[in-house]
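Biologist: Hello! I am new to this structure and would love a close look at one part of it. Please take me through that part slowly, and then show me how it sits within the rest.

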Amino acid sequence: MLPKSHQKKLTQWQDLLLDLRSQVKNSSEALTIKSSTGQELQNFFKKEILPLNNDVIEVSFQSVWQSFQTESYRSLRLLNTDIIFLTSSKSIATRQKRLSQIEARLEQMIGYCQSLLSSCSES
């Protein structure tokens, strides 16, 4: 189980991802996603999620937390690349493809958060 401090930061992270997902689903806003959006997410993750100490987590849950951090960071870097490609794409078809990739990546990352948070509420 995660400590309350970890759960709070994880909830904030999930909220940021949900906000971006709602922007992506609104196609008029999605076409104006700034390339800095990915960098802002990356900065939050590096400053708020990665430094959360593994030592205060129950031993049985430490590997789950570490896997979450690793997979989320990997997905975040790919999301950042997708956003950069979206901002540089010219054709509508390419933009739609990039938006689909971004949305799928966000769904995956939100799923990571939901899975961790639900396992905390079950304990």
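Modeller: Let's begin with the cysteines. There are zero disulfides in this structure, which, please keep in mind, is a predicted model. Why does Cys 113 form no bond with Cys 120? The closest cysteine sulfur to that of Cys 113 belongs to Cys 120 and is 11 Å away, which is too far for a bond, because a disulfide needs the two sulfur atoms within 2.5 Å. Seen from the other end, Cys 120 is likewise in no disulfide, with the sulfur of Cys 113 as its nearest cysteine sulfur at 11 Å. Both side chains are tucked away: Cys 113 is buried, with a relative accessible area of 0%, and Cys 120 is buried at 3%.

Cys 113 also leads us to a neighbour. Setting aside residues within four places in sequence, Gln 14 is in contact with Ile 110, Cys 113, Gln 114 and Leu 117. Gln 14 belongs to helix α1. Is Gln 14 buried or exposed? Gln 14 is buried, because its relative accessible area is 10% and the cut-off for buried is under 20%.

Now look at α1 as a whole. Its 22 residues should span 32 Å at 1.5 Å a residue, and the end C-alpha atoms are 31 Å apart, which agrees. Which residues of α1 are buried? They are His 6, Gln 7, Leu 10, Trp 13, Gln 14, Leu 17, Leu 20 and Val 24. These residues cover an arc of only 145° around the axis, so they lie on the same side of α1. A general rule helps here: an α-helix has 3.6 residues a turn, so residues three or four places apart point the same way. On the face of α1 turned away from the buried side you will find the exposed residues Lys 4 and Lys 8.

From there, let's move to helix α3, which runs over residues 36-49. With 14 residues, α3 reaches 19 Å from its first C-alpha to its last, close to the expected 20 Å. The buried residues in α3 are Thr 37, Gly 38, Leu 41, Gln 42, Phe 44, Phe 45 and Ile 49. They too fall on one side of their helix, because their arc around the axis of α3 is only 160°. What covers these buried residues? The cover includes α1 (4-25) and α4 (59-88), so the helix we have just left comes back into view as part of the cover described here.

One residue in α3 deserves a pause: Gln 42. Gln 42 is buried, with a relative accessible area of 7%. Leaving aside neighbours within four places in sequence, Gln 42 is in contact with Tyr 73, Leu 76, Arg 77 and Asn 80. With Asn 80 there is also a polar contact, side chain to side chain, at 3.2 Å.

That partner, Asn 80, is placed in helix α4. Asn 80 is buried as well, with a relative accessible area of 10%. Beyond its neighbours within four places in sequence, Asn 80 is in contact with Ser 35, Gly 38, Gln 39 and Gln 42. How far apart are the C-alpha atoms of Asn 80 and Ser 36? They are separated by 8.7 Å, although the two residues are 44 residues apart along the chain.

Helix α4 itself has 30 residues and reaches 45 Å between its first and last C-alpha, close to the 44 Å expected. Its buried residues include Phe 61, Trp 65, Phe 68, Leu 76, Leu 79, Asn 80 and Ile 83. Polar or charged names such as Gln 69, Ser 72, Ser 75 and Asp 82 are also among the buried residues of α4.

Finally, step back to the whole chain. The protein chain has five helices and zero strands, and its elements run α-α-α-α-α from the N terminus on. Its C-alpha trace spans about 50 × 25 × 20 Å along the principal axes. Of its 123 residues, 36% are buried. Among contacts between residues at least 6 apart in sequence, 76% join residues at least 24 apart. The accessible surface of the chain comes to about 6,800 Å², with 51% of it belonging to carbon and sulfur atoms.

Technical notes:
Residues numbered from 1 in each chain as written. Predicted model: local features only at pLDDT ≥ 70, side-chain atom pairs only at ≥ 80, totals over all residues. Heavy atoms only, no water. Buried < 20%, exposed > 50% of the residue type's maximum accessible area, 1.4 Å probe, protein only. Helix = DSSP H or I, 4+ residues; strand = E, 2+ residues; numbered from the N terminus. Polar contact = N/O pair within 3.5 Å; in protein donor to acceptor, adjacent residues only side chain to side chain. Contact = heavy atoms within 4.5 Å. Expected span 1.5 Å × (residues − 1). Arc of directions from axis to C-beta. Areas by Shrake-Rupley, 256 points an atom, 1.4 Å probe, with all protein chains shown as cover.
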